[in-house]
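Let's take a walk through this protein together, starting with the overall layout and then moving in on a few elements. Have the model open and turn it as you read.

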Amino acid sequence: MFERLISKELKKWSSRQDRKPLILRGARQVGKTTLVQQFAKEFNLFINLNLEKNEHRLLFEKNYSINELVSAIFYLEGKPRNLKKTLLFIDEIQNSPEAISSLRYFYEEIPELYVIAAGSLLETLLSRGISFPVGRVEYLAIRPCAFVEFL
């Protein structure tokens, strides 16, 4: 596996004190998930939720407080709740409007948790009237592999 140029942007994001949850946008099969999995090696703990799985999606639909949600995520994944240098990756986030809304609370109430979300169909949500937590998330566009990366 080779390192993508955009990996530098992820490192910059993670080193900022005022970091917000990051939403990776991009077409299908451009490497969003692979990029995050490689980036996760820099963390003490990595939790990967895929909202195409019912058990992961239902966590966000139970009307938990944000602290209860985080505890439930750690419990479901069988990992001790430790927010120090932990990366939470929410893949296919377009499958849960509640998950999208929760990004705001990760930023406001649990800023020490590193949160990245990704989905290939995020633009279609706007036409369905699903709103994003504007001002409380950051965006990063992922494109297909560049020729320089290939070399």
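How many helices and strands are there in the protein? In this predicted model, the count is seven helices and five strands. Follow the chain along the sequence and you will read the pattern α-β-α-β-α-α-β-α-β-α-β-α.

Now for the protein as a whole. It has 151 residues, and 45% of them count as buried. If you take the contacts between residues at least 6 apart in sequence, 80% of these join residues at least 24 apart. The accessible surface comes to about 8,400 Å², with 51% of that area belonging to carbon and sulfur atoms.

Helix 2 is a good place to look more closely. Spanning residues 32-39, helix 2 has Lys 32, Leu 35, Val 36 and Phe 39 buried. These residues lie on the same side of helix 2 because they cover an arc of only 95 degrees around its axis. What lies over them? The cover for the buried residues of helix 2 includes helix 1 (7-15) along with strand 1 (22-25), strand 2 (45-50), strand 3 (86-91) and strand 4 (114-119).

Let's stay with strand 2, one of the elements in that cover. Its side chains alternate along the strand: Leu 45, Ile 47 and Leu 49 point to one face and are buried, whereas Phe 46, Asn 48 and Asn 50 point to the other face and are not buried. Strand 2 also pairs with strand 3 in the parallel sense, over six bridges. To find your way along this pairing, look for Leu 45, which stands opposite Thr 86 in strand 3.

Terms used: Residues numbered from 1 in each chain as written. Predicted model: local features only at pLDDT ≥ 70, side-chain atom pairs only at ≥ 80, totals over all residues. Heavy atoms only, no water. Buried < 20%, exposed > 50% of the residue type's maximum accessible area, 1.4 Å probe, protein only. Helix = DSSP H or I, 4+ residues; strand = E, 2+ residues; numbered from the N terminus. Arc of directions from axis to C-beta. Contact = heavy atoms within 4.5 Å. Areas by Shrake-Rupley, 256 points an atom, 1.4 Å probe, with all protein chains shown as cover. Pairing = 2+ DSSP bridges.
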